[in-house]
Each structure stands twice: as C-alpha cells, then as structure tokens.
Amino acid sequence: MVVAEIDGKVVGWGALSKFHPRSAYRYTVEDSIYIHPGAQGRGLGRLMIEDLIRRGRATGHRSIIAAVDSLQVGSLSLHERTGFTRVGHLNRVGLKFGKWLDVIYLQLELNPE
C-alpha cells in the first residue's frame, strides 16, 4: 500500500491486491488508486501508480489489471499514460449510488517473456 499526504493529511492511497483467488492467476494483481477530489491534478496518482508498478515488478508479478468505471476519465487517462492498455469493456456490471456502471479493464504486462 502507498499513501499520499499533503500537510500531514492523507489525500490518497493505492494498493495491489489479488486479481483472482485461483492459483493460476497468482502472478497477476489488481491495482486500486484513490485520490481525494481536492487533491487531484497534482501528480499524486502518477507517483502512486509508478510506485505500485515498481512493487509489482519487484515481487515477480507479470501483470497488473485495472478495473475502472468508464466515466472516470482521469483514472483511465492515468492508467494509459503509465503504459496500461484497454483490454475489455463490461456493460452495467457495477452498481454505485443506485446507478449501473460500465467497467473498463486495462492491463500492464510487467515482466513479459
């Protein structure tokens, strides 16, 4: 986990977690990045995702998967700017605040052979 602070106040966090419980997927992780709206646009997301990518490589993972709400343009852009590519689009699979969301899957291959 990585935490972003401004003036001693936590304004964001990022983490890598298991992508899937089955053993076959043990070399793949999923990232999560959250930045407080008031702290967005300062480069914190990029710093955190770059740290997570380094950690993923250092721990021998082969891929990082991101599942992003299709309306989160900033998050989609952040992932693409750091090398992730879009690999899938799922329609109306997430429910948040009473609204069905599409999810875009992105992937970054860390240690391709």
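**Exercise 1.** In which strand does Y34 lie? Establish also the exposure of Y34 and the surface feature to which Y34 contributes.

*Solution.* The model examined in these exercises is a predicted one.
Step 1. Y34 belongs to strand β3, which covers residues 28-35.
Step 2. The relative accessible area of Y34 is 46%. Buried residues fall under 20% and exposed residues over 50%, so Y34 is classed as partly exposed.
Step 3. Together with M1, V3, V10 and W13, Y34 makes a nonpolar surface patch of about 520 Å².

**Exercise 2.** Determine how many salt bridges the structure holds, and describe the one between E50 and R46.

*Solution.* Step 1. The total is four salt bridges.
Step 2. In the pair E50 and R46, the side chains meet at 2.9 Å, taken from N to O. A salt bridge requires a separation within 4 Å, and the value of 2.9 Å satisfies this cut-off.
Step 3. Both residues are placed in helix α1, residues 44-58, four residues apart. Because of this spacing, about one helical turn separates E50 from R46.
Step 4. E50 has 27% relative accessibility and is therefore partly exposed. R46, at 34%, is likewise partly exposed.

**Exercise 3.** Describe the salt bridge between D51 and R54, and state whether D51 is buried or exposed.

*Solution.* Step 1. The side chains of D51 and R54 form a salt bridge with an N to O distance of 3.9 Å.
Step 2. D51 and R54 are three residues apart in helix α1, so about one helical turn lies between them.
Step 3. The relative accessibility of D51 is 17%. The limit for a buried residue is under 20%; D51 therefore counts as buried.

**Exercise 4.** Give the distance of the salt bridge between E80 and R86, the exposure of both partners, and the residues joined into a network by shared partners.

*Solution.* Step 1. E80 and R86 meet through their side chains at 2.6 Å, N to O.
Step 2. E80 is partly exposed at 35% relative accessibility. R86 is also partly exposed, with a relative accessible area of 46%.
Step 3. A network arises where salt bridges share partners, and here D51, R54 and R55 are joined into one.

**Exercise 5.** Characterise the packing of helices α1 and α2.

*Solution.* Step 1. Two packed helices are described by the angle between their axes and by the distance between those axes.
Step 2. For α1 and α2 (residues 73-81), the angle is about 50° and the axes are 10 Å apart.
Step 3. This angle makes α1 oblique to α2, because angles under 35 degrees would count as roughly parallel and those from 65 to 115 as roughly perpendicular.
Step 4. The crossing in which α1 passes α2 is right-handed.

**Exercise 6.** Locate D7 and R92, and give the phi angle and exposure of each.

*Solution.* Step 1. D7 is found in the loop between β1 (2-6) and β2 (9-18). Its phi is near 55°, which is positive although D7 is a residue other than glycine.
Step 2. With a relative accessible area of 81%, D7 is exposed.
Step 3. R92 lies in strand β5, residues 85-96. The phi of R92, a residue other than glycine, is near 50° and thus carries a positive value.
Step 4. R92 counts as exposed at 57% relative accessibility.

**Exercise 7.** For S17, G94 and G83, state the location, the exposure, and the C-alpha separation from a residue elsewhere in the sequence.

*Solution.* Step 1. S17 belongs to strand β2 and is partly exposed at 36% relative accessibility. S17 and E30 are 13 residues apart in sequence, while their C-alpha atoms are 5.3 Å apart in space.
Step 2. G94 is placed in strand β5 and is buried, its relative accessible area being 18%. Between G94 and D69, which are 25 residues apart along the chain, the C-alpha separation is 8.1 Å.
Step 3. G83 occupies the loop between α2 and β5 and is partly exposed, with a relative accessible area of 41%. G83 and L108 are 25 residues apart along the chain, and their C-alpha atoms are separated by 6.3 Å.

Technical notes. Residues are numbered from 1 along each chain as its sequence is written. This is a predicted model: local features need pLDDT of at least 70, side-chain atom pairs count only at pLDDT 80 or more; totals for chains, interfaces and linings use all residues. Side-chain values use heavy atoms; hydrogens and water are left out. Helices (H or I, at least four residues) and strands (E, at least two) are DSSP runs, numbered from the N terminus. Buried means under 20% relative accessible area, exposed over 50%, partly exposed in between (1.4 Å probe, protein chains only). Patches are made of residues with over 30% relative accessible area and no salt bridge: like charges are joined within 9 Å, nonpolar side chains (Val, Leu, Ile, Met, Phe, Trp, Tyr) within 5 Å. Accessible areas come from the Shrake-Rupley method with a 1.4 Å probe; for residues, only the protein chains shown count as cover. Axes are lines fitted to C-alpha atoms, for helices over the stretch in contact, and angles run from 0 to 180 degrees between N-to-C directions. Angles under 35 degrees count as roughly parallel, over 145 as roughly antiparallel, 65 to 115 as roughly perpendicular and the rest as oblique. A crossing is left-handed if the near helix is turned anticlockwise from the far one by less than a right angle, and right-handed if clockwise.
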